[in-house]
Structures are given as C-alpha cells and as structure tokens.
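Me: I have a structure to look at and would like to go through it piece by piece. Could you help me?
Reply: Certainly; please show it.

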Amino acid sequence: MTALHFSFIVPVYNRPDEIEELLKSFTTLEGDFTFEIVIVEDGSTIDCKSIIDEFSSNLEISYYVKPNSGPGDSRNFGMSKAKGNYFIILDSDCLVPKHYLTIVNSYLFSNYIDCFGGPDAAHDSFTNLQKAINFAMTSFITTGGIRGGQISGDKFQPRSFNMGLSKTAFEASGGFGLIHPGEDPDLSIRLNTLGYETILIKEAFVYHKRRISWMKFYQQVHKFGMVRPILNKWHTQTKRLTYWFPALFSIGFIIAVVCALFDFKIPLLLYGCYLFLAFTLSLVANKSISVAVQSILAIFIQFFGYGYGFLKSTLAIEILNKNPEKHFPKLFFKDVK
C-alpha cells in the first residue's frame, strides 16, 4: 500500500469559534503522521482567517475562501486543492480525540478501504442538551446505532461529519452532489455502485458538538426525513423498511393516546416501556437525570420531525411523482460551476 498522506477537509460557514476549538484538538493528536488541514470558507460573512493565523505556526493549514455553494461542493473544492492522497472530512463543530489518527492509520494499514465512516460521541464538556441530542442520534434503540458505532459490516453509509475518502475514490465518483442534507449517503451509495467498499471504523470517533437548539434540531431531522425518499428514488436498491420506523412510531403514538382516551391503555403502556428503557440507557450513559429526561424529549422531536418529513416527501416523490429539485428547492444548492 502506498504511504498515506492525510488531508483533513473542513468546510465552515460563519463559525470561527468552532474552527478554533477544532484546531486546538488537532494540536493534541498523537503519532508521527504527515497531515494537512484544508479549511474552506463557504461564503461566510464572519470569517476565521484570524483564528487560522494563530495556529499556522503549529499546524499545516491551507485556507480557501469561495462563494457559498453548500458543504458538499465546498468539500469537493477542498479535496481538489488538497495535497494528500487520503482525505478525512470533518464538520467544523467536531473535536478530534488525540488517538484519532493513530486508529485510522492503523486500520487502513491492515485493512485498506477507500471510504470509511466513524461514529460521534459526547464529550464531558458538552451541555445537557447536546448530550441528550447525541443520545437520540446515536443510541441503538433510536437510530440502530448508525452514528454511534454500534453496527458493523460493509455497505455502511458514512456521514460527512466524520468520513474518510481516498483521492482515487473521490476522482472516480466526482465527490458530493448538491443535495443537502443527504449528500453523504448519496456519495456512499454511488461509491458502492462503482465497486468501492464503505465501512465503519468503530474506534475512530469524534466529539460532535452540534451547536443546536430544540427548534434547530427539529428542522435538521425534518430535513433528514425529507431527503430519504429522494435517495430511495435515486437509488432504489437502498430502500429499507427501517426508514419507516420514525413515521410509524409517531403515528402509533398518536393512535395509542387516542386509544387511552377510550380506556384501552395497552398500546400507551408499551410506549411507556420503550421510553423507560431509553431513559434508563441515557441515565446510565450520561449519569444525569436531567440529560435522561431531555433525551426523551429529543427522541420525540427526532421521530416526529423525521417521520413527518419522510411522509411528506414520500407523498410528493413516490405518490405524486414530483421532481425533487423543483418541489423541494431548499434541499438543493445551485451548481456554481
């Protein structure tokens, strides 16, 4: 295998404070590795140039400024400018654990793969809200663990907050598309079609801060739900019954409440058992009653937001046969080329 020269690709939009924390975490990385950090300012009105200047003497940083075209296109831009032969794509609101590159390099040396994804985790410094949302997004009983490192095997669809991609695979695939969110599973599926494997490296986690409010969390998961039927239409081989779970959970809960009003409480009791399990798991993981309580709220927001978006998009895309780009223009960035 050719020696790996890593390039970290980080798009940023109006978040210099996040870049500062991310770069600080890079300074603690263990191991004697050659790597660069490519920061792509995606049309920001508040740039991070002064922050980058503070770290330029300790880290090899390439900094580019371009018009706003979305995170996917900005990642493509960064990869096209990068010097390395293996790219690691991070969100600007991530922190890199000190062992991260040691884990990645060791895995790729023993089991080379052209595309990998890593999980996210909650750092002790996170707020209770961030920890609760992290639980809802990563727990096996909510998302099947697709973000929390609890599943394995090939055909895994890496997420771009923590994703590795070889230069060879990038050039063959053309990189990310203009849909957002959803550009990362779309790329993963296209890579699989081209014959490139994708896999989860469980130990290669990052701390994903998600600076977010309850309303922003709802908007985010709502978009996730809207995007999935579009991906299913583009890539019919990826349709799964599990994508219906949040919508079925939400509809079932409403039915259970109605049934309870007519003194048939068994369905609502079953939901209570599920939520009690979620509360217990969060309490054990986070050792905080406050986080455990907020985790229940996060689960409801996640399932109802995603479920509503999924049903709305399914009706438009699958039943009414609407054109995704025209019907949901806010889910697509314009091609600036």
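Me: Which strands form the open sheet, and in what order?
Reply: This is a predicted model. In it, 3 strands form an open sheet in the order β5-β10-β7, and the pairing is mixed.

Me: Which are the edge strands?
Reply: They are β5, residues 94-95, and β7, residues 120-121. Each of these edge strands pairs on one side only.

Me: In which sense do β5 and β10 pair, parallel or antiparallel?
Reply: β5 and β10, the latter covering residues 206-208, pair in the antiparallel sense over 2 bridges. As for individual residues, L95 has Y207 of β10 as its bridge partner.

Me: Now to β4. Is that strand buried or exposed?
Reply: Strand β4 spans residues 86-90, and 5 of its 5 residues are buried, so the strand is largely enclosed by the rest of the structure. Both of its faces are covered. Y86, I88 and L90 lie on one side, F87 and I89 lie on the other, and all are buried.

Me: What about β1 and β4: how many bridges are there?
Reply: There are 4 bridges between β4 and strand β1, residues 6-12, and this pairing is parallel. Within it, F8 stands opposite I88 of β4.

Me: And how does β8 run relative to β4, parallel or antiparallel?
Reply: Strand β8, residues 162-166, runs antiparallel to β4, and 5 bridges join the two. Here L90 of β4 faces N162 in β8.

Me: Changing topic: how many disulfides are there?
Reply: The count comes to 0 disulfides. For C48, the nearest cysteine sulfur is that of C94, 15 Å away. For C259, the nearest is that of C273, 16 Å away.

Me: Is C48 buried or exposed?
Reply: C48 is buried, since its relative accessible area is 0% and the cut-off for buried is under 20%. C259, at 22% relative accessibility, counts as partly exposed.

Me: Last topic, helix α10. How many residues does it have, and how far does it reach?
Reply: Helix α10 covers residues 245-261, which is 17 residues. From its first C-alpha to its last it reaches 24 Å, close to the 24 Å expected at 1.5 Å a residue.

Me: Which of its residues are buried, and what do they pack against?
Reply: The buried residues of α10 are P246, A247, F249, S250, F253, A256 and A260. They pack against α11 (266-286) and α12 (289-319).

Me: What comes just after α10?
Reply: Just after the helix, D263 takes a positive phi of about 65 degrees.

Methods
Residues are numbered from 1 along each chain as its sequence is written. This is a predicted model: local features need pLDDT of at least 70, side-chain atom pairs count only at pLDDT 80 or more; totals for chains, interfaces and linings use all residues. Side-chain values use heavy atoms; hydrogens and water are left out. Two strands pair if DSSP finds at least two bridges between them. A disulfide is a pair of cysteine sulfur atoms within 2.5 Å. Buried means under 20% relative accessible area, exposed over 50%, partly exposed in between (1.4 Å probe, protein chains only). The expected span of a helix is 1.5 Å times one less than its number of residues. Contact means heavy atoms within 4.5 Å.
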